[in-house]
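Let's take a look at this one together, starting with the ligand and then moving out to the surface.

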Amino acid sequence: GGDSEGDGKVGGITFYSPETPDMTKELGKKFEELHGGSVNVQYAGTNILVNRMMAEKDNPQGDVWYGGGGILPFEAAAEKGIIGAYVPDIANGWDTVEDGIKVKHQDGKYVGVEVFVLGFAYNTELVKEDEAPKTWDDLLDPKWKGKIQFPNPAASGTATLMVLNQMMQRGEAEGWDYFKKLVDQASSMPDSGSAPTKAVSMGEAHIGVGFDFMAYEQKANGESVDFVVPDKTPILVNPVSIVEGGPNPEGGKKLIDFLLSKDGQQILANWYHIPINPDVESKTPLTLEGVKSHAVDLDIDWVNDNYDRVRNEWKDKFQ
Amino acid sequence: MKNWLSSFNGLSVVKILIYVFFGVFLLLPLISVFLVSFTSEPINLLGSIADPNILSSTIEKFKNVSFANYEKIFTNLTYLSAVKNSLGLAILVSLIVIVMCIPIAYGIARTKMPFKKTIAALCTIPLIVPTFISAYAIIIMFGRAGWVTYIYQSLGGEGMLLDPYSMAGIVLVQVFFFFPYALWPMVAAFKVSDISLEEASLNLGAKNWFTFIFVTFPLAIPGLISSALLIFTVSFSDFGTPIILAPKDLNLLVVEAYREIAGFFNWGGAAILTVIMVLVAAFFFWLQHLFTKGKNYGSVSGKPKQQKLNDTKWLTRTLSGYSLILVIVPLLAMLSIVLQSVATTWGSNPLPNGYTFAHYQTIFTSSLGNIQNSIILALGALVLSVVIATFVSYFVVRQNSSRLDFMTSIPLVVPGIAFGIALIQTFNTAPLHLTGTALLLIVAYTIRRLPYMVRSTMGTMRAIKQDIEEAAINLGATPLTAAITIIGPLMLPGIAAGSILVFITVIKETSISILLAPADWAPMSLAIFQNILRGEYYTAAAMSVVLVVIVLILQAVGNRISKNQL
Amino acid sequence: MGSVKVSQLTKEFSGVLALKNVSLDIKEGEFFALLGPSGCGKTTTMRCIAGFEQPTSGIIQLGETEVNHIPPNRRNCGMVFQSYALFPHMNVFDNVAYSLNIKQLNASNLVAKLPVYLRLLNRKLGNYPKYIEQKVMEILEYVELDQYAMRLTSELSGGQQQRVALARSLLMEPAVLLMDEPLSNLDQKLRHSMRNTIRRIQQDLGITTIFVTHDQEEAMSMADRVAVMDSGEVKQIGTPIELYSRPSTPFIANFVGTSNVLKGSVIGQENGFSIIKGKGFILKSTNHADQTEVNLIVRPENIKAFKPGTINEDKLTNIIDGTVLVSTYLGSIVRYDIKVDEYQLVVDTTFVPGEAILTEGEKVQLSIDPERVLII
Amino acid sequence: MGSVKVSQLTKEFSGVLALKNVSLDIKEGEFFALLGPSGCGKTTTMRCIAGFEQPTSGIIQLGETEVNHIPPNRRNCGMVFQSYALFPHMNVFDNVAYSLNIKQLNASNLVAKLPVYLRLLNRKLGNYPKYIEQKVMEILEYVELDQYAMRLTSELSGGQQQRVALARSLLMEPAVLLMDEPLSNLDQKLRHSMRNTIRRIQQDLGITTIFVTHDQEEAMSMADRVAVMDSGEVKQIGTPIELYSRPSTPFIANFVGTSNVLKGSVIGQENGFSIIKGKGFILKSTNHADQTEVNLIVRPENIKAFKPGTINEDKLTNIIDGTVLVSTYLGSIVRYDIKVDEYQLVVDTTFVPGEAILTEGEKVQLSIDPERVLII
Ligand SMILES: Nc1ncnc2c1ncn2[C@@H]1O[C@H](COP(=O)(O)OP(=O)(O)OP(=O)(O)O)[C@@H](O)[C@H]1O
Ligand SMILES: Nc1ncnc2c1ncn2[C@@H]1O[C@H](COP(=O)(O)OP(=O)(O)OP(=O)(O)O)[C@@H](O)[C@H]1O
Ligand SMILES: [Fe+3]
Ligand SMILES: [Mg+2]
Ligand SMILES: [Mg+2]
């Protein structure tokens, strides 16, 4: 909890994050170096962290929550009342939605620290760069039959978002039609959002649907993977927020400020994430400026309203 | 009053303590899960007693009570087909495993088959490998780019030898990686049988195999049924395999529950699925009860007979060959994991693209503390479960406490994540503020893995004739002392079998650790899981290898100490 | 403390009435034997006294206290189980020392308990105190097993196991000792010496002892009193001599030693003798009976058998003619089965080496002293 | 087929020599008893013959065939186990019928096997053929358990269990029947009737039988020949009468019936009698010995005891003076322990009700017929 004392001013900060622990630990260290206090990184999957915060609601233990594969879990959490409002100075000037990308919560309950692009990872040994699909429709090409993996919308929020996106683009009937075909193309629909990209690097699949940083991290490790940003694809920020009623709100706010500062953003960039702060350069071919044009105009309210319904329909149709 | 007092002995105290323990740490959290199935929001029962604020918020939640979740059971076809699929899978896996394990169990317990120690050691490995990793290993082997597929195709085969992304794949993983759950209790059941009964049968002209089927086997049935139930629930509640293999159109109950809670924070949905699972399990416990009723054969008699090991050449060789063939599948899977752990990258080729020890370096620089935590936590849970399980089997077998039997078996089917959340809900505030302590972690491990211990000790317990215990009591021992000094040691084969299961499963336990482990108590399994979560399969594989090695070393040390010739 | 009183004890096993209104009143320090055919309820009676079976009805008192609801471990009743019930995981010494360990356990405080528990769990974890070592070895010497102290019980022969069971309960020095056929697997020599040992320890310590045996000779020679049971009921209680010389029914006469039972009617009185006539015999008896139809009991050793004409008949009374059916050589005696009308009488004669044995089919004359003809 | 030949059988259990060069030669159809003190190796011998123990050395032949390497189930050797070894999951009937089921199985083709398997798994799944029912019920009647056919074996008394074990192996009608104390838990009456049953079946079918008993009387009355064992060795083999009247060592004399063993030296010959002098006695014997230092064997029933002066001494020879130490009442006889110098002699006299028993401490005179003084 936040009871351990740092330098007296900042104190202990409990930092919930599902992002790579080596990275979050690095962030914590850097913060301690600059601002004192002590950052206690608690790593777990997004789902677990959210459930944990819900269970702890009567006596919250965390201060800051960063990351969740995009804004969806934060939207849900805002509704459940487990996150509090805080907008750091740097984000005060941002619109809620910029270029179709919702970068912060309308009531300030979260603010984005980096950008995720949903796209296609492909195995460079099995697929040539020019053959790789460029649009979501390209996935239906018969040559990919049995060679595609995408995360299961019944399990993963990211995948549900993908479904909702197509619905919005095509209208519902068309949308379902599209997915009927896509499911036929797929060899497997894992629960985890990172699994398709991993399958691609193993050669188990030729194409995998996933976020950009997953593919780039694998590529950096030497795997034969590359990434395609398709047209009209969901682009999301990965937010940070303060835990409602957490033991050390002041410390928490300082940590959020830090994450959006140049120092914090540089660390994220080093881990192949696209920084939201334009002062910091991306380590991947992708930048916020560069991908903006691919962004689909996501109506987050519509998403929030239709989320459960579409997912249940998915389950009924495909399970 | 006097009578009541005089029958109030040490054993009753123990019984009450066990009830209290389970009441507080199992039933209370489960009741809150049950309540959640109505409110769809967390309920803090203990906190409501201590803190008026929490009480009022709880009351608030109760105002929103609805039966919507229950309606769903009957209206939602997905649930129905999920129940059907889960049952089918679990029954199939249990049948295969039981049939498959009988010869190995007999071989280990009752013969001098060659390579017995090796086989016994190999048979624990599948248990140690975390489920995610084993499923993953099957993909490395049988997947499109798997090396088995490669060999198969270069021999002229079409497509894949066996599609891992299917029901068959799940069965394959569960059978070959879960069979030790049933094997060790079965070994214990065979170990305690009375040799002179078999001699009598041979003497009456029955052949060896015949004697086995009609004398040895029926006497081991209580133990077998116990193991069957164990494997059933393990398969029924396993979500690691289906999630990794992810067949496109196979929905399973646990997976549904896991998704509700993990993907969509839908506590009501998860709670209702948990309720369904507990009900299904209850049905099977009832069946088991029906079967084993009146089957306390008591073959460990007070006229002690020396256990003789069969060393008929053809038999032991056949058994040994058979066992080796069966352990070869998990062994090859393990080899694949070893390869993975030293690979720089491993793409679509049958072999890795390069080799490195970097992953091990990573572990040893960053995870030594985790290893130490794992061992301490596992030992704590082990001691606690040995003590509790011994008494529980005693009460179940000697005093017919089927309530206790059922209660200690519930954790088998409650998904770990649901149980963990229930624990946080209950112990997050005063009066019992235990979240974030190693104690709660150990207690949670114990409750969750205790059923393995209970299953295997109960089989042994049933084989002990009552008169031995009576003799102890007659010599002045209280029932408690008799239980400790006579029954306990006689149950050693069962306890040993259970200990392997408990120790290993605690070491690899993830769902509880993720939720409850305080930062300075993070165990190794958590580290592995985190790696898997992030797709860091190489490090995860390396950690699994380290885990296997550690457990094998500890087991060897344990054997040396207890001179238990497994 | 040591007396045992059982009143109207009834025990039912799911429909089977194993005991019916059994009443026993055993005095402190008494050596009491239970005799009876297989399945008559001896073991069940003992198990009720020891507290392992809850009586269906009836009261059990040890000393002055009713013990129906006192758990077995607090009854201070040692028991030698018919099935031995040895602890298979302990060696001979540990088995025998068990009760002493328990006593030490009960007598010591929490901290002192630990070493006892440890050595109960594993010999290597703790040493026995000298006095226990001595006592155990002493009793093992008595049962002639001192050389076997360190053996596992599974490495013993049947008789050796039985002696371990015996030693274990003797060492306990209970107030009441229940022994269920404790010597059944021992040879005669050993049985004699065990009997002496049991008797000595029992008398030294004044232990009330209830003893089940299938061996009448054993019951007769050891017990102060004997109860004869049949089909769950007590048929007669008395001293051995009473039972032997005044059995109350033919069943008991037959059970306590071998007997010939003859049916007859009293046809008159003569010089203080009753005259009884039955099929194939007319016999005088010094006994008298009120009714006319009677049973006569004659013990085999009280019948003399000789070839017709070899002895002057005037010297003898009660002469009956018969035919030898079978002759059996039983060590020191020869037993004849002799047919007399529809009866088959058992006659024991001392075996005299060199003297001819009556052969099968031979005619024979029997003579019985009227004093040995018992009317019941 | 039925003869049993054991040559130079030796068996070692991890350091313990349980059998040393045991040789037995048992004829087909013979009823052979093994006698010996507890732990002498009787059970081990049987288990070697049945094939449950592999001999350390030595040869076992059944009929003409060496069977050392033939598995137990093909030896056709029935065995009654000392520990019964009843199948706890079967009722009495199924236990007894087991061997018949197996025979039926071996005799039938694949299809016909099925119903047998089914009923072995569960009684409810298949009916027994009439002939099996009959045979089983018949043997159960013999052992007086016909009413218990449907009971589980755990619901029987000790003696009842033992009779099930007996019935089970009798029904098997093996070529060789090994019985390890099959009657030890039965009362005398039942034991007699079981002996007759065993004897009858054994003779009807000509089964070679080896019988272990701790009961000399049983061995003597039933067996054609008896082997006396001690400490793993066979000491003497012979017919019961041979063993009783010509024991080869004091040990056997003592083991086969009770004996008084006196040490003495031959001091002369007179009218065909040997004169032997020892501590407290001078005795004549009709036996002769080559050496001077000898053991004298006198059976208790061959010694007469009377109060000094009550009988004319001239009529008697071999008179010794003694003092009564203990008198024990044993049903039909009274046994005295009488002190003669450093010896303690056992003397049996027939009990005559009403006649006074010699009391402890009383002086007594003993007389022994010279023909009954055995020199060995
Ligand atoms: N497994 C074993 N290990 C060591 N010694 C053994 C073993 N089994 C038997 N013995 C020893 O071998 C000897 C012979 O045993 P066996 O059972 O043959 O005796 P027995 O003549 O049948 O005696 P009893 O009349 O008491 O049954 C005994 O001294 C016994 O202690
Ligand atoms: N658990 C039980 N269920 C049913 N009947 C039983 C049970 N236990 C014993 N009996 C029956 O009760 C009767 C008395 O049994 P008990 O064991 O007291 O006999 P016993 O006199 O000791 O005989 P034995 O001399 O053969 O040992 C027997 O007929 C037996 O079959
Ligand atoms: Fe006997
Ligand atoms: Mg009995
Ligand atoms: Mg024996």
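## Around the ligand

In this predicted model, an oxygen atom of ligand 1 sits 2.7 Å from a polar backbone atom of D:Lys42. Chain D offers further polar partners to oxygen atoms of ligand 1, including the backbone of D:Cys40 and the side chain of D:Glu181. Here are the distances side by side:

| Residue | Part of the residue in the pair | Distance to an oxygen atom of ligand 1 |
|---|---|---|
| D:Lys42 | polar backbone atom | 2.7 Å |
| D:Cys40 | polar backbone atom | 3.3 Å |
| D:Glu181 | N or O atom in the side chain | 3.5 Å |

How much of the accessible area of ligand 1 does the protein cover? On its own ligand 1 has 640 Å², and 94% of that is covered by the protein.

As for where it lies, ligand 1 is between chains B, C and D. There are 20 residues around it, and those that come nearest are C:Ser157, C:Gly159, D:Lys42, D:Thr43 and D:Thr44. Two helices each put at least two residues into this shell: α5 (158-171) of chain C and α1 (42-50) of chain D. By type, the shell splits into 11 polar, 5 nonpolar and 4 charged residues.

## A leucine patch on chain C

Over on chain C, the residues C:Leu114, C:Leu118, C:Leu121 and C:Leu125 make a nonpolar surface patch of about 350 Å². One of them, C:Leu121, belongs to helix α3, which covers residues 110-121 of chain C. C:Leu121 counts as partly exposed because its relative accessible area is 41%, a value between the 20% and 50% cut-offs.

Technical notes
Residues are numbered from 1 along each chain as its sequence is written. Chains are lettered from A and ligands numbered from 1 in the order in which they are written. This is a predicted model: local features need pLDDT of at least 70, side-chain atom pairs count only at pLDDT 80 or more; totals for chains, interfaces and linings use all residues. Side-chain values use heavy atoms; hydrogens and water are left out. Patches are made of residues with over 30% relative accessible area and no salt bridge: like charges are joined within 9 Å, nonpolar side chains (Val, Leu, Ile, Met, Phe, Trp, Tyr) within 5 Å. Accessible areas come from the Shrake-Rupley method with a 1.4 Å probe; for residues, only the protein chains shown count as cover. A salt bridge is a side-chain nitrogen of Lys or Arg within 4 Å of a carboxyl oxygen of Asp or Glu. Helices (H or I, at least four residues) and strands (E, at least two) are DSSP runs, numbered from the N terminus. Buried means under 20% relative accessible area, exposed over 50%, partly exposed in between (1.4 Å probe, protein chains only). A residue is near a molecule or strand if one of its heavy atoms lies within 4 Å of it. A polar contact is a pair of N or O atoms within 3.5 Å; within protein, one must be able to donate a hydrogen and the other to accept it, and residues adjacent in sequence count only if both atoms are side-chain atoms. Ala, Val, Leu, Ile, Met, Phe, Trp, Tyr, Cys and Pro count as nonpolar, Asp, Glu, Lys and Arg as charged, and the others, Gly among them, as polar.
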